[in-house]
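Please open the model in your viewer and keep the selection tool at hand. The tour below goes from the whole chain to single residues, with a word on what to select at each stop.

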Amino acid sequence: MDMMKSKKTRVAVIGAGGWGYQHARAFSNREDTELCCIVGRTLERTRARAEQFKVNYYLDIDTMLEQEKPDLVSICMPGQGTFEPTMKVIKAGFPLFVEKPLAYSLDEARIMIEEARKRDLFFAIDFNHSCSEPVQRAKQIIDSGQLGSIVFAQWRFAQSSDGIPITHPYMEQIEAQCHGLDLIEYLCGPIESLSADMTDIAGKNSYTTFSLSLHFKNQGVGTFLGSFDSSECYEFAQMIDVNGMKGRILIEDNLKRCTYQKAGSQVAETWRPSMFDDDANSFTHNLDRHLDRLIPAFRSGGRPPIPAERGLRALQLAYAAIESFQTGKRITIE
C-alpha cells in the first residue's frame with residue numbers, strides 16, 4: 001500500500017475503554033491520520049466517546065467495516081475477548097493494529113497470525129514499553145556493539161492490581177508481563193530456556209507474583225520478576241539492567257532514566273527527560289512514539305515496526321513459564 005502523502009490514513013478504533021480512548025486521542029492528534037469512528041459494546045459509552053471526538057459510532061464491527069471502509073483498524077478490547085473481533089477484521093481483509101495481549105490462547109493467537117499472513121495483512125501490536133526514549137537509546141547502544149556480549153540481564157516490574165479485575169489464574173504472566181517478556185528479548189535476544197516460580201500469597205485466586213530464571217540463546221543468563229502485589233508508587237517499580245562484557249545499561253521506570261557505563265569506568269552517561277519535556281515523561285505517549293514509526297511504515301507499504309508475531313512469541317514465553325511452574329521443570333523454548 002503506497003498512499004499519497006496528501007491523503008490521511010483513516011483509522012477506526014474498536015474499543016471504548018481506557019486504552020481505546022488513548023488510541024482515539026493519538027490518531028485524532030496526528031496530521032497523517034484521521035479518526036473516522038468508534039466501535040463499542042454498549043450504546044451509552046460508545047456514543048459518548050464518539051461525541052467526544054466528533055466521529056461516527058457503531059455497535060457492530062461488520063456494519064462499521066462495510067460502511068466506513070477504514071484504511072486501518074485499531075483494536076483495544078479486553079485481553080480475553082480479542083479473538084472474535086480480531087478475526088472479523090482479518091477475514092474482512094483490513095489492516096490492523098491491536099493492543100496487548102494478542103490473545104490468552106496459543107491456538108487463537110496462531111490462527112490470527114496465520115489468517116492475517118494468508119491475506120498479506122499489515123498486523124501490528126502495541127508493545128509500547130519498547131517505544132520509550134530510554135529503551136530506544138538502550139537498543140541503539142546494544143546494536144552498536146558498545147555493550148559487547150550480554151552476560152546477564154534483569155527485569156523487574158512490580159505494581160498494584162487496585163482497580164484491575166483479576167479474571168484469570170495466570171493474568172499476570174499473560175497480560176500484565178507480556179510487555180516485559182517481549183522487551184527483554186528485544187534487548188537481549190531470544191530466550192532459550194526458563195524455569196519459573198509463582199505465588200498467590202495475596203489470595204487473589206491468581207498467581208499474581210512470579211519470578212523466572214532465564215537462559216538466553218547467546219549463552220547469557222537473566223532474571224525476571226513480575227508482580228501485581230506491590231505499588232507503582234515505589235521508586236524503581238520498573239527496572240531493566242543489562243550487563244555486557246564492555247558495559248552496563250540501567251533503565252529506571254521505563255521513562256525516567258537510561259544510564260550507560262563502560263566497564264571499568266567510574267563515569268556514567270545518563271539520559272533523562274528535561275523538566276519541560278512533558279511528552280518524554282508521559283507513559284501514555286509511548287503509544288504516540290510507536291505511531292511515529294508505525295504510520296509511516298504502513299503508509300509506505302512496509303512491515304510493522306512491532307509485528308503481531310511478537311505478541312505470539314510473548315504468549316509462548318508466558319505459557320512456557322506456566323508449564324515450568326506446573327511441572328517443576330526447566331522448559332526449553334523453540
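Throughout this tour, a residue is called buried if its relative accessible area is under 20%, exposed if it is over 50%, and partly exposed in between, with a 1.4 Å probe and protein chains only. The model is a predicted one, in which local features need pLDDT of at least 70 and side-chain atom pairs count only at pLDDT 80 or more, while totals for chains, interfaces and linings use all residues. Residues are numbered from 1 along each chain as its sequence is written, and side-chain values use heavy atoms, with hydrogens and water left out.

**The whole chain**

Begin with everything selected, shown as a cartoon: the protein has 10 helices and 15 strands, where helices (H or I, at least four residues) and strands (E, at least two) are DSSP runs numbered from the N terminus. The C-alpha trace spans about 60 × 45 × 40 Å along its principal axes. The radius of gyration, taken over C-alpha atoms and compared with a globule rule of 2.2 Å times the number of residues to the power 0.38, is 20 Å, which agrees with the value near 20 Å for a compact globule of 334 residues. Of these 334 residues, 55% count as buried. If you list contacts (heavy atoms within 4.5 Å) between residues at least 6 apart in sequence, 67% of them join residues at least 24 apart.

**Helix 4 and its surroundings**

Select residues 83-91 next, which form helix 4, and show the side chains of Pro85, Thr86, Met87, Val89 and Ile90, which are buried. Extend the selection to the elements against which the buried residues of helix 4 pack, namely strand 1 (9-14), helix 3 (61-68), strand 4 (72-75), strand 5 (96-98), helix 5 (106-118) and strand 6 (123-125). Just after helix 4, glycine 93 takes a positive phi of about 85°.

Two loops that adjoin these elements deserve a stop. In the loop between helix 3 and strand 4 lies lysine 69, whose phi is near 45°, a positive value in a residue other than glycine. Lysine 69 counts as exposed because its relative accessibility is 55%. In the loop between strand 5 and helix 5, select proline 101; the peptide bond that leads to proline 101 from lysine 100 is cis, with omega near -10°.

**Strands 12, 13 and 14**

Now move to residues 247-252 and 257-262, which are strand 12 and strand 13, paired in the antiparallel sense over 6 bridges; two strands are said to pair if DSSP finds at least two bridges between them. Isoleucine 249 has tyrosine 260 in strand 13 as its bridge partner. The two strands form a hairpin with 4 residues between them, and in its turn aspartate 253 has a positive phi of about 50°.

Adding residues 268-271 brings in strand 14, which pairs with strand 13 in the antiparallel sense over 4 bridges, with threonine 270 in strand 14 as the bridge partner of threonine 259. This hairpin has 5 residues between the strands, and glycine 264 there takes a positive phi near 85°.

**A last loop**

Finish at asparagine 205, in the loop between strand 8 (191-199) and strand 9 (209-216). Asparagine 205 has a positive phi of about 55° although it is not a glycine, and its relative accessible area of 68% makes it exposed.
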